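Me: I'm new to protein structures and would love a close look at one part of this one, its largest cavity. Could you walk me through that space and then show me what else is worth seeing in the chain?

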Amino acid sequence: PGVPRHANRLINEKSPYLLQHAHNPVDWYPWGQEAFDKAKKENKLIFLSVGYSTCHWCHVMEEESFKNKEIGDIMNKNFVCIKVDREERPDVDKVYMTFVQATSGGGGWPMSVWLTPDLKPFAGGTYFPPEDGVHRVGFRTVLLRIAEKWKENKDALLESSQKILETLLHLSEIRVQGQESPPPSKEVMATCFQQLSNSYDEDYGGFSKSPKFPTPVNLNFLFTYWALHRTTPEGAQALQMALHTLKMMAHGGIHDHIGQGFHRYSTDQHWHVPHFEKMLYDQGQLAATYSRAFQISGDEFFADIAQDILLYVSRDLSDQVGGFYSAEDADSYPTATSGEKQEGAFCVWAAEEIRALLPDPVEGATEGTTLGDVFMYHYGVKENGNVSPMQDPHQELKGKNVLIVRCSLELTAARARLRSCVHGGTTALCPSVQVSCSSGTLTGPLCSPEPVPMSVPPGLMISGFAQAGAALAEQEYVSRAAQAAAFLRRHLFDPASGRLLRSCYRGKDNTVEQSAVPIQGFLEDYVFVIQALFDLYEASLEQGWLEWALQLQHMQDKLFWDPKGFAYFSSEAGDPSLLLRLKNDQDGAEPTANSVTVTNLLRAACYSGHMEWVEKAGQILAAFSERLQKIPITLPEMARATAVFHHTLKQVVICGDPQGEDTKEMLRCVRSIFSPNKVLMLADGDSAGFLYRQLPFLASLERKDGKATAYLCSNFACSLPVTSPQELRGMLCP
């Protein structure tokens with residue numbers, strides 16, 4: 001107290017991740033001209049470190065290396081050191097991750113890359129331990145070797161970096177070859193289904209052994225494959241694979257059974273021990289996917305999980321003024337008085353803690369059986385902990401339990417009694433978590449994980465609330481989506497230029513702040529926001545969202561479209577510090593922007609009548625044609641969009657009074673059905689409204705006998721009108 005802490009340049013930044021490193025002995029620079037000029041002036045190599053604020057191994061490397069005075073001195077003497085938050089600058093992250101993956105066969109965060117003064121990479125990796133070990137060279141050694149190499153053989157290193165860049169330019173190029181057309185959807189879908197089937201884990205679900213990520217893109221592909229092949233064995237298999245995976249995830253430790261929501265990924269095959277950070281983009285996608293599973297199956301289990309996710313986001317990742325925080329940290333304090341954080345401390349339990357919190361006897365059970373006993377049996381709690389040492393390299397979880405459903409409710413206890421028992425247990429544990437740790441705040445003594453006080457355009461989360469609201473008929477979710485979209489328009493959009501901004505931050509007294517020079521939005525921001533606005537229109541039927549979506553689509557075309565090779569670049573032109581202008585070619589934890597934008601363009605054409613957007617969608621598929629035909633498993637969302645492109649989107653038009661009960665009944669019917677190639681619109685008779693101005697054919701559609709009437713339209717032709725939900729259901733599910 002009273003002694004000012006050393007601070008480097010990062011102290012002036014807004015990014016939570018950069019601020020975490022503002023007191024390191026390393027002379028960090030943010031990504032920018034000041035650092036680039038210093039490297040050139042002093043003829044120094046650059047050390048680039050990229051991560052994000054909730055990344056566990058980023059915290060570990062900081063504690064071990066970046067807070068180490070000796071290692072800091074080596075870094076400051078030999079390198080210009082730059083820190084990048086990948087949440088702020090996904091463009092910089094992607095350029096150098098492309099290099100790391102190409103040269104090492106893997107990637108991840110923290111990402112560590114060494115660059116020449118002109119920003120060309122020549123060496124890189126991810127996490128490095130501070131000192132040499134049996135199997136890994138230490139960070140100190142790597143720093144000294146690279147510094148020595150630069151002194152002794154600078155020309156060879158520069159030549160090598162130039163060759164690497166030329167190779168990366170060649171490898172990363174995606175463009176239409178000659179007169180290539182969109183690949184046939186039947187073959188693309190069949191190949192993608194076969195490749196997913198081959199990698200599917202029949203026991204535990206998912207598409208790898210370990211680590212296991214939720215990958216909603218795979219599940220959404222399987223739902224679409226099922227919808228197009230309902231009566232075939234392959235269709236049934238696709239649906240079974242998706243639903244089984246969703247059930248196993250929901251039962252697993254990757255799902256927070258007490259605090260709700262999903263952790264980022266599982267370190268094992270069984271979905272048991274996760275890395276404990278929770279990402280907003282995962283919650284948004286999974287809420288939508290579980291809602292679709294409910295639409296298809298009618299099983300309330302999936303609706304419950306969707307509601308569980310949205311409860312967590314509403315409580316812990318929501319800002320008071322309507323935005324969403326981007327993530328929640330993996331590391332937290334074991335108790336309110338602890339001085340040091342540990343990974344997952346907030347989410348794991350000792351057996352004695354559960355016994356103490358759930359001491360009540362269970363009526364009708366064997367004498368002496370408590371609610372704690374039933375709970376521990378159901379969730380696999382063991383006296384000495386249930387985490388294998390193999391999953392706990394730092395022994396942070398020793399003696400602790402990650403809750404995982406080990407058997408059905410019926411097996412845990414006698415039928416109807418059991419559900420109230422187990423649910424009573426989770427309900428009883430919740431207050432003990434929140435009261436003892438003032439959960440979800442950033443003031444006072446904390447043991448709960450901290451939400452990151454930063455927001456990026458939350459398109460995927462808005463879609464999650466909007467789609468769940470429509471599918472589950474929950475108006476409060478639609479209202480939350482609209483509130484977030486209003487926040488986005490107020491704080492992450494510049495009305496003067498018509499452009500999106502990348503990030504904003506929580507300031508003092510819960511105000512919303514921007515960095516001194518706001519970062520402009522990237523392709524992924526436009527794509528996910530446009531998708532969200534279409535989803536929000538279909539859930540709310542407020543035409544203002546539709547109008548804004550189409551304006552943003554025009555801006556996206558202007559900033560990112562490649563008129564020569566087709567498809568969209570991830571970043572706009574004109575940044576000399578970016579060596580590569582990339583088109584991402586892999587659907588991962590999030591779908592890649594070009595995959596989502598194919599369906600966005602088709603929806604935009606349906607709502608506007610602008611058929612050039614259909615042409616653009618086909619050109620994107622043509623640009624990715626080779627990859628789609630050979631390894632579509634890397635692009636399941638784009639493979640899904642290929643089917644939507646070839647089957648043509650159907651406009652489901654409901655003519656009726658928005659307040660009329662008959663209109664609401666027809667809308668409920670449409671929203672209750674999973675159909676991958678439909679768009680919904682309401683023709684309310686207002687000829688001056690936005691939709692009627694965009695689509696003159698709507699004026700010719702009439703209500704039959706004064707009732708709410710549905711039409712199914714495509715290619716400017718409409719079906720005969722129907723006035724009952726039963727008839728409409730028959731048209732949508734032929």
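Reply: Happy to! A cavity here is a set of grid points where a 1.4 Å probe fits but cannot get out, and its volume is the space filled by probe spheres set on those points. Keep in mind that this is a predicted model.

With that in hand, let's go inside. The structure holds six cavities of 30 Å³ or more, and the largest of them contains about 760 Å³ of space. Its lining is made by 37 residues, and the closest to the centre are R292, Q467, D535, R603 and F674. Try finding those five on your screen and you will be looking at the middle of the cavity.

Which elements supply the lining? Those that give two or more residues are α9 (216-228), α11 (280-297), α17 (459-472), α19 (523-540), α21 (593-608), α24 (636-647), α25 (661-671) and β18 (678-683). Helix α11 gives the most, with seven residues. Sorted by class, the lining has 17 nonpolar, 12 polar and eight charged residues.

One name in that list, β18, leads us to a sheet. Strand β18 belongs to an open sheet of four strands, whose order is β18-β17-β19-β20, with mixed pairing. Because β18 and β20 (717-718) stand at the edges with a single partner strand each, one side of each is left without a neighbour in the sheet. The partner of β18 is β17 (residues 650-655): the two strands run parallel and are joined by six bridges. To see the pairing for yourself, look at V653, which stands opposite M681 in β18.

Now let's step back to the whole chain. It is divided into domain 1 (9-172), domain 2 (347-438) and domain 3 (652-732). The centres of domain 1 and domain 3, taken over C-alpha atoms, are separated by 56 Å.

For residues 8-168, an unreviewed UniProt entry lists "domain: Spermatogenesis-associated protein 20-like TRX". Over residues 8-168 the chain is 50% helix and 17% strand, with its end C-alpha atoms 33 Å apart.

A last stop is helix α3 (residues 56-66), which is mostly covered, with eight of its 11 residues buried. The buried residues in α3 are H56, C58, H59, V60, M61, E62, S65 and F66. As you trace them, it helps to know that an α-helix has 3.6 residues a turn, so residues three or four places apart point the same way.

Conventions: Residues are numbered from 1 along each chain as its sequence is written. This is a predicted model: local features need pLDDT of at least 70, side-chain atom pairs count only at pLDDT 80 or more; totals for chains, interfaces and linings use all residues. Side-chain values use heavy atoms; hydrogens and water are left out. On a 1 Å grid over the protein atoms alone, a cavity is a set of points where a 1.4 Å probe fits but cannot get out, and a pocket is an open set with protein on both sides within 12 Å along at least five of seven lines; lining residues have an atom within 4 Å of a point. Ala, Val, Leu, Ile, Met, Phe, Trp, Tyr, Cys and Pro count as nonpolar, Asp, Glu, Lys and Arg as charged, and the others, Gly among them, as polar. Buried means under 20% relative accessible area, exposed over 50%, partly exposed in between (1.4 Å probe, protein chains only). Domain bounds come from an automatic or database domain assignment. UniProt positions are given in the numbering used here, feature names are shortened, and annotations may be inferred rather than shown by experiment. Two strands pair if DSSP finds at least two bridges between them.
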